[in-house]
Amino acid sequence: MSREKILAAVKFNQPPALPLPDMEVLNTLTDVRTELVSKYKTIATAGGSFVYEVSGFDEIKAIINNEFKPGVKIISALDELSDYIYAETVKHEDGHNFADVELTVLRTNLGVAENGALWLTEKDMGSRVLPFIAQHLAVVISKDDFVPTMAQAYQVIGDAAYGYGAFISGPSKTADIEQSLVIGAHGPRSLSVFIL
Amino acid sequence: MSTATTKDHPHLAADFNRDEPRVNWHDETLWWIRAKRDIAAHKLPEWELLRETASQIKFNVLSNLSSYLEQFEANAIKNGIIVHWAADATEHNQIVHSLLEQKGITKMVKSKSMLTEECHLNEYLKEQGIDVIDSDLGERIVQLANEPPSHIVLPCIHKKKEEIGDIFHEHLGSAKGESDPKILTETARQHLREVFLTRRAALTGVNFAVAETGEFVICTNEGNADMGAHLAEIHIASMGIEKLIPERKHLGVFLRLLTRSATGQPITTYSSHFSKPQDGSEIHIVIVDNGRSIQLGREEFRNSLKCIRCGACMNTCPVYRKSGGHSYHTAVAGPIGSILAPNLDMKKYADLPFASTLCGSCSNVCPVKIDIHDQLYKWRQVIVKEGYSPKAKTMAMKAMALTLASPTLYRMGGKTGRLVFKYAPFAVNNKLNPWYNQREMPKAPDESFGEWYAQRKGAKNS
């Protein structure tokens with residue numbers, strides 16, 4: 001059995017136990033007084049996201065209606081945006097059925113100012129593939145739901161149980177051809193963030 | 001897909017250096033990425049503390065690796081993930097093949113995994129009649145070109161867009177002469193979307209595996225790992241035993257360091273945490289040793305297992321930038337690859353620790369503070385002791401040691417050298433002398449320092 005062989009070799013060869021470092025210093029060092037929404041906006045915009053500060057869902061609807069042609073397939077995971085296909089009702093469908101989705105709209109309650117990342121779990125997504133297979137992605141977040149850095153983000157996540165979760169920080173992109181940044185690699189061609 | 005080669009680093013680097021404008025372009029591109037890394041790092045006042053913390057976490061991991069592995073396995077199984085163990089590359093490849101065979105799958109999509117490059121999985125599966133398509137754009141490009149990646153983060157950094165245009169024209173039907181990165185990327189998007197939608201199996205690498213929770217994290221900018229994994233019936237994740245981290249909160253340290261070090265981005269577009277399989281699908285993890293437990297036992301080299309594969313040491317390395325990734329003839333090129341490879345095969349990779357100026361820049365940018373250049377220096381000593389250094393170098397070193405040990409020989413040697421430079425420069429300014437390649441030999445002084453000093457002293461005293 002390779003398992004036993006590997007574990008025995010590792011145990012035999014590993015050095016004497018060393019302690020884990022103190023993480024508290026690092027967590028408190030980060031600048032918590034920074035205006036988080038404006039910092040988020042700057043960083044996320046630089047990363048290719050479109051960030052909108054909105055007054056309410058009517059404004060979000062207006063922006064979506066303006067950006068997307070009527071009749072395209074839009075899936076929404078928000079009760080407040082019920083004009084579209086509701087993610088909850090299609091979440092057990094085969095992921096391949098979402099190949100023609102134009103826009104997926106999701107809700108998160110954790111955003112990270114230092115890197116523009118938004119935390120979404122399988123529960124927020126409906127189906128895991130939805131934020132990836134759609135041509136465009138939009139995420140709604142409240143202005144009070146931002147933390148300064150990843151250190152605080154993992155404090156918020158804590159020991160939550162999820163089958164799958166992802167930090168998403170922008171549209172799908174690549175720079176593999178001569179380091180030229182191209183938006184829209186395999187996933188969404190745009191990420192719109194609505195801050196309530 | 002590894003190019004079978006018996007050439008060593010100096011010869012492969014010489015091949016790369018034939019095209020001087022390309023070398024300069026390669027050099028400047030990587031240095032630009034290194035500069036972006038600096039800007040990102042300098043934005044965080046706590047950067048050095050982050051590096052130190054990451055380094056200490058990794059030391060803790062290596063010193064408790066066996067129990068973390070068992071903890072990770074137990075938690076992954078609890079989450080419904082199926083765990084396999086592979087002692088070496090062959091066993092890894094066989095496990096992957098048998099999983100596909102059991103399901104009658106003959107086509108697989110794969111996202112970036114340097115471990116599968118190390119194991120030569122693609123070649124193995126091809127022999128078994130399995131079609132593998134790499135979905136990372138850079139990896140797809142080198143796969144179509146029938147080459148291995150030349151950089152762990154930027155697989156086709158050595159290729160010009162015109163060459164990529166030609167490859168896409170031949171294989172993906174893009175217009176002849178098309179070299180616009182936007183259009184080429186769109187071509188790949190359409191081609192690979194079809195692949196994602198039709199593959200029942202997806203293989204990915206693993207960036208971090210969390211012992212505390214049994215979850216693992218994959219980082220991509222393109223979203224290719226997720227597109228593959230979420231649409232497949234079976235997701236196989238291959239990981240080396242050193243990918244473990246103790247707790248979920250430690251991701252907060254490593255995800256802050258990884259891309260800032262790699263490309264200067266604050267984080268990848270996607271940092272995906274896989275904990276449980278989706279309804280109706282399976283997740284398998286293959287935990288691979290392949291020489292890592294041996295490296296763990298080499299006290300002087302075990303720190304190399306702290307590596308998180310950001311590629312910063314390559315981008316900064318003056319030798320890598322000017323010799324290209326393929327000159328290292330191993331899956332992981334550059335400074336870190338040159339300390340990992342001799343562990344796997346000391347004879348085959350005896351040249352790599354010498355492919356360095358020992359300037360130390362690699363150690364300075366390493367996000368987990370691996371003493372890379374010290375280890376390169378230590379490998380040189382081991383390789384010479386074990387008798388794997390090139391014969392010419394051994395002879396030259398012996399002659400040098402003899403000369404330096406004898407004042408008479410040393411003075412004679414110096415004098416001869418100066419006379420040759422003065423009266424017979426053609427004897428050194430020719431192609432037989434490697435020092436003459438790409439540079440002019442210096443003018444020799446008329447006298448040695450010893451002679452000059454003796455004369456000066458004599459003049460003062462009189």
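Which strands of chain B does helix α11 (residues 224-231) lie across, and at about what angle does α11(B) run to β4(B)? Let's work up to that through a few exercises.

**Before you start**

This is a predicted model, in which local features need pLDDT of at least 70 and side-chain atom pairs count only at pLDDT 80 or more, while totals for chains, interfaces and linings use all residues. Residues are numbered from 1 along each chain as its sequence is written, and chains are lettered from A and ligands numbered from 1 in the order in which they are written.

**Exercise 1. Trace the sheet of chain B and place helix α11 on it.**

Step 1. Begin with the strand order: β1-β10-β7-β4-β2-β3 of chain B make an open sheet of 6 strands with parallel pairing. Strands here are DSSP runs of E with at least two residues, helices are runs of H or I with at least four, and both are numbered from the N terminus. Two strands pair if DSSP finds at least two bridges between them.

Step 2. Find the edges. β1 (82-86) and β3 of chain B each pair on one side only.

Step 3. Walk inwards from β3(B). Strand β2 (residues 107-110) of chain B is joined to β3 (residues 131-134) of chain B by 4 bridges, with Val109(B) opposite Ile133(B). β2(B) also pairs with β4 (residues 201-204) of chain B over 3 bridges in the parallel sense, and here Lys110(B) faces Leu203(B) across the pair.

Step 4. Continue to β7 (residues 234-240) of chain B, which pairs with β4(B) through 4 parallel bridges. Thr204(B) has Ala237(B) as its bridge partner.

Step 5. Now add the helix. α11(B) lies across β2, β4 and β7 of chain B and runs at about 145° to β4(B). Axes are lines fitted to C-alpha atoms, for helices over the stretch in contact, and angles run from 0 to 180 degrees between N-to-C directions.

**Exercise 2. Describe how helices α16 and α18 of chain B pack.**

Step 1. Take the geometry: α16 (residues 334-344) and α18 (residues 372-385) of chain B pack at an angle of about 35°, with axes 9 Å apart.

Step 2. List some contacts, counting two residues as in contact if their C-beta atoms, placed from the backbone, lie within 7 Å. α16(B) contributes residues including Ile336(B) and Ile339(B), and α18(B) contributes residues including Leu376(B) and Trp379(B).

Step 3. Sort them by class. The contact has 8 nonpolar, 2 polar and no charged residues. Ala, Val, Leu, Ile, Met, Phe, Trp, Tyr, Cys and Pro count as nonpolar, Asp, Glu, Lys and Arg as charged, and the others, Gly among them, as polar.

**Exercise 3. Characterise the meeting of chains A and B.**

Step 1. Count the residues: 68 of chain B are in contact with 61 of chain A.

Step 2. Ask where the chain B side comes from. Its largest share, 9 residues, belongs to helix α3 (residues 47-63) of chain B.

Step 3. Check the composition of that side: 30 residues are nonpolar, 22 polar and 16 charged.

Step 4. Look for strands that bridge the chains. β9 (residues 164-168) of chain A and β9 (residues 270-274) of chain B run antiparallel and are joined by 5 bridges, with Ala166(A) opposite Ser272(B).

**Exercise 4. Outline the sheet of chain A.**

Step 1. Its order is β1-β12-β7-β4-β2-β3 (chain A), an open sheet of 6 strands with parallel pairing.

Step 2. Its edge strands are β1 (50-53) and β3 (85-86) of chain A.

Step 3. Inside the sheet, β2 (residues 74-76) and β4 (residues 103-107) of chain A share 3 parallel bridges, and Ile74(A) partners Leu103(A).
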